[in-house]
Amino acid sequence: MNRTDRLLAIVLELQAHGTRRAEDLAATFEISKRTVYRDVQALCEAGVPVVAEPGRGYSLVEGYFLPPLRFSADEAVMLLLGADVMAQSFDADYRAAAETACRKIAGALPAPTRDAVTALRESLRFVPGESPQQPEVEERLRMLRGAMVGRQRVGFAYTARHAADDAPPVRQADPYGLVFVNNVWNLVAFDHTRQELRHFRLDRMAQLELLAQRFERPADFRLQRQERDDRTLVVRLLFEPAVARWVRENRSFYTTSEEETPDGLLVTLHVRQEREI
């Protein structure tokens with residue numbers, strides 16, 4: 001990253017996070033603290049109102065915003081394609097937001113760039129899943145999204161594929177995150193009956209309701225890390241060389257490694273339970 005790009009990135013970092021220490025910026029951009037000091041001084045000399053607070057770090061004067069960003073054709077295409085995918089995968093509220101964002105991005109582009117973006121966008125298609133979203137799942141998605149923002153506990157009836165005899169018919173859970181995998185929305189939540197994190201498919205829920213209780217999500221919770229950490233069952237499958245090509249062509253979501261051996265292709269998967277294979 002050259003210095004001009006880094007200076008812009010520092011301003012964006014301060015806009016996004018409020019206050020950042022010199023060591024935070026140094027770690028983010030892989031530079032020394034001395035370089036951070038020089039960059040901040042350069043920003044101040046260029047008229048960017050950076051405020052230094054002893055013991056806290058750097059921040060921007062309240063109300064300061066960068067002028068509108070200019071996107072390249074490739075950058076705009078990626079943003080628009082991402083909005084298209086979200087429009088297909090989320091509920092009606094987010095579809096409307098994605099469509100509005102697309103119009104704003106396209107409208108802000110210079111005419112030549114807009115023409116190039118239109119041509120590229122019409123030539124690319126990304127399909128997240130072929131099954132249409134069910135109206136009841138869309139409504140649950142909307143409610144759970146609101147519950148996560150408001151830190152509000154939810155209650156619902158749940159039908160598991162292999163329900164244990166002692167499985168409660170109604171669950172109370174604190175919603176921590178939502179994951180879209182294999183065209184299915186899953187809720188990652190703290191189940192108060194089991195007293196542990198559990199995954200719940202939205203299409204198996206019923207009678208979803210927002211409860212009066214509030215919760216605080218653990219500060220160290222990270223959705224991506226949690227998705228990896230809870231797949232503790234290791235499965236190794238050995239495929240004959242004749243079918244190795246087809247195995248690679250249709251990799252499982254749970255595949256973590258593949259190894260060529262004299263006996264064939266050894267595939268390692270990390271799953272939560274055997275039925276995920």
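Thr268 counts as buried, at 7% relative accessibility. That figure falls under the 20% cut-off for burial. The model is predicted. This briefing covers Thr268, a five-stranded sheet with its packed helix, and a three-stranded sheet crossed by helix α1. Arg6, in helix α1, is treated along with the second sheet.

**Thr268 and its surroundings**

- Thr268 sits in strand β11, which spans residues 264-271.
- Leaving aside residues up to four places away in sequence, Thr268 touches Val234, Val235 and Arg236.
- Its contacts also include Tyr254, Thr255, Thr256 and Ser257.

**The five-stranded sheet**

- Five strands make an open sheet, ordered β7-β6-β5-β4-β8, with antiparallel pairing.
- The edges are β7 (196-201) and β8 (205-214). Each has a single partner strand, so one side of each lacks a neighbour in the sheet.
- From one strand to the next, the twist averages 45°.
- Helix α7 (residues 135-150) packs on this sheet. The helix touches β4 (152-158), β5, β6 and β8.
- The direction of α7 makes about 15° with that of β8.
- Inside the sheet, β5 (residues 170-181) pairs with β6 (residues 184-191). The two are antiparallel and share eight bridges.
- Pro175 stands opposite Ala189, a residue of β6.

**The three-stranded sheet**

- Three strands form another open sheet, in the order β1-β3-β2. Pairing here is antiparallel.
- β1 (19-20) and β2 (50-53) are the edge strands. Each has a single partner, so one side of each is left without a neighbour in the sheet.
- β2 and β3 (residues 57-60) run antiparallel and are joined by four bridges.
- Ala52 faces Tyr58 of β3 across the pairing.
- Helix α1 lies across β1, β2 and β3. The helix runs at about 85° to β3.

**Arg6 in helix α1**

- Arg6 belongs to helix α1, residues 3-17.
- The relative accessible area of Arg6 is 11%, so this residue is buried.
- The Arg6 side chain makes a polar contact with the Asp39 side chain, at 2.6 Å.
- Beyond residues up to four places away in sequence, Arg6 touches Met1, Phe29, Ile31, Thr35 and Asp39.

**Background on pairing**

- Strands of a sheet pair through backbone hydrogen bonds, in a parallel or antiparallel sense.

Notes. Residues numbered from 1 in each chain as written. Predicted model: local features only at pLDDT ≥ 70, side-chain atom pairs only at ≥ 80, totals over all residues. Heavy atoms only, no water. Buried < 20%, exposed > 50% of the residue type's maximum accessible area, 1.4 Å probe, protein only. Contact = heavy atoms within 4.5 Å. Pairing = 2+ DSSP bridges. Axes fitted to C-alpha atoms, helices over the stretch in contact; angles between N-to-C directions. Polar contact = N/O pair within 3.5 Å; in protein donor to acceptor, adjacent residues only side chain to side chain.
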